[in-house]
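Work through these exercises with the model open in your viewer. Try each task before reading its solution.

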Amino acid sequence: MNILLLGYGKMGKIIAEIAESRGHSIAGRITIDNMAELDSLAIKTIDVAIEFSQPEAAVENISWAISRGIPVVSGTTGWLHEKPVIEQLTKEKNTAFFYASNFSVGVNIFFKVNRFLASLMKDQVDYKISMEEIHHTEKKDAPSGTAITLAEGILAEQSRFQRWTLDEGQAIEADSLPISAKRIDPAPGTHTITYSSDIDDIEITHTAHSRKGFAMGAVLVSEWIQDKKGVLSMDDFLSF
Ligand SMILES: NC(=O)C1=CN([C@@H]2O[C@H](COP(=O)(O)OP(=O)(O)OC[C@H]3O[C@@H](n4cnc5c(N)ncnc54)[C@H](OP(=O)(O)O)[C@@H]3O)[C@@H](O)[C@H]2O)C=CC1
Ligand SMILES: O=C(O)C1=N[C@H](C(=O)O)C[C@H](O)C1
């Protein structure tokens, strides 16, 4: 595959390494400083754009590629309120758009474990539920996209919650799931859900040891998406 990297920071660099080690070529490495290079690319030679940039840049980057018929694999977090626009554009252009808040296989298994635990704990009202995510200090958004996906899994199973709230030390209403976000270097990403009662605690944690799982997932998905059209997710890729 010939891969266009939209965003070439911490993730883009590891993705390039893994992609090249699997025999793929890199059509372009786009950062905020060299966006003009997009104008000189041979669009027809690009098989996929992998987009890991920044919340405020994601929609423009993804729209640029989708409107040229280039399939996009995106992992940028913090922009999802605008996802319907991209989904509509994907249909209009008859191409493919794949989004995941987390591309690691381990986290996607953890998503399932989280939802199963939330369903088991449905009637256990003596347990207080909370979430904590820890990431490196360069992370721009809070809570993490992964934490939001985990929260959505809990909200789907626990009728006591109407929404989640970022815990910044304020009082949080009983119908809101509190999420605390800590920024500590060099944490690539740790997520913990705690059910706590006077009698005992139940805690599940996923700890990423590096960014390799995220980057490998994005490359594998890019290979898989080559013969696909439409809006796709990790559930489609992993056949969960
Ligand atoms: N879904 C997943 O599995 C994962 C998702 N992420 C998410 O991916 C995103 C990127 O993470 P990370 O690589 O760590 O971040 P970095 O800050 O290291 O890199 C971001 C890159 O995007 C570039 N950029 C900024 N604005 C634009 C723009 N307008 N167009 C093109 N490129 C731009 C930056 O350019 P410059 O260098 O010039 O500033 C930089 O190269 C984040 O949203 C993060 O939350 C991260 C890990 C896993
Ligand atoms: O910014 C990061 O680093 C990460 N972002 C994603 C998120 O917001 O969930 C995935 C991973 O946790 C690393």
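**Exercise 1. Does R29 count as buried, partly exposed or exposed, and why?**

Solution. This is a predicted model: local features need pLDDT of at least 70, side-chain atom pairs count only at pLDDT 80 or more, and totals for chains, interfaces and linings use all residues. Residues are numbered from 1 along each chain as its sequence is written, while chains are lettered from A and ligands numbered from 1 in the order in which they are written.

- Step 1. Fix the scale. A residue is buried if 20 or more other C-beta atoms lie within 10 Å of its own, exposed if 12 or fewer, and partly exposed in between; C-beta atoms are placed from the backbone.
- Step 2. Count. R29 has 17 C-beta neighbours inside 10 Å, so it counts as partly exposed.
- Step 3. Place the residue. R29 lies in strand β2. Helices (H or I, at least four residues) and strands (E, at least two) are DSSP runs, numbered from the N terminus.
- Step 4. List its contacts. Leaving aside neighbours within four places in sequence, R29 is in contact with L5, Y8, G12 and A16. Two residues are in contact if their C-beta atoms, placed from the backbone, lie within 7 Å.
- Step 5. Check the record. An unreviewed UniProt entry annotates R29 as "binding site". UniProt positions are given in the numbering used here, feature names are shortened, and annotations may be inferred rather than shown by experiment.

**Exercise 2. Which residues does G28 touch beyond four places in sequence?**

Solution.

- Step 1. G28 also lies in strand β2.
- Step 2. Its contacts outside that window are L4, L5, E37 and L41.
- Step 3. Take L4. G28 and L4 are 24 residues apart in sequence, yet their C-alpha atoms are 5.0 Å apart in space.
- Step 4. G28 has 18 C-beta neighbours inside 10 Å, so it counts as partly exposed.

**Exercise 3. Where does ligand 2 lie relative to the two domains, and why?**

Solution.

- Step 1. Get the bounds. Domain 1 is 2-103 + 212-238, and domain 2 is 105-207. These bounds come from an automatic or database domain assignment.
- Step 2. List the shell. T77, S101, N102, H135, K139, S144, G145, T146, G189 and F214 surround ligand 2. A residue is near a molecule if its C-beta atom, placed from the backbone, lies within 6 Å of it.
- Step 3. Assign them. Both domains give residues to this shell, so ligand 2 lies between domain 1 and domain 2.
- Step 4. Classify. The shell has 1 nonpolar, 8 polar and 1 charged residue. Ala, Val, Leu, Ile, Met, Phe, Trp, Tyr, Cys and Pro count as nonpolar, Asp, Glu, Lys and Arg as charged, and the others, Gly among them, as polar.
- Step 5. Turn to ligand 1. Its shell holds 28 residues, the closest being G7, G9, M11, A57 and G75. They divide into 12 nonpolar, 13 polar and 3 charged. Helix α1 (residues 10-21) gives the largest share, 3 residues.

**Exercise 4. How many residues of each domain are in contact with the other?**

Solution.

- Step 1. 10 residues of domain 1 are in contact with 11 residues of domain 2.
- Step 2. On the domain 1 side, α6 (212-224) and α7 (234-238) each supply at least two residues.
- Step 3. That side has 3 nonpolar, 7 polar and no charged residues.
- Step 4. The domain centres, taken over C-alpha atoms, are 28 Å apart.

**Exercise 5. Which residues touch the most other members of the largest nonpolar core?**

Solution.

- Step 1. A nonpolar core is a set of buried Ala, Val, Leu, Ile, Met, Phe, Trp, Tyr and Cys residues joined through C-beta atoms within 7 Å.
- Step 2. The largest has 37 residues, and I15, I50 and A218 touch the most other members.
- Step 3. α6 gives this core its largest share, 5 residues.
- Step 4. Beyond four places in sequence, A218 is in contact with I15, I50, V73, G75 and F103.
- Step 5. Apart from this core lies another of 15 residues, including F111, A118, M131 and I179.

**Exercise 6. Which residue joins P143 through a cis peptide bond?**

Solution.

- Step 1. Recall the background. Most residues other than glycine have a negative phi, and most peptide bonds are trans.
- Step 2. A142 is the partner, with omega about -5°. P143 lies in the loop between β6 (128-135) and α5 (145-157).
- Step 3. D185 and P186 are also joined by a cis bond, with omega about 0°.
- Step 4. Now phi. N94 is not a glycine, yet its phi is positive, about 50°. With 9 C-beta neighbours inside 10 Å, N94 counts as exposed.
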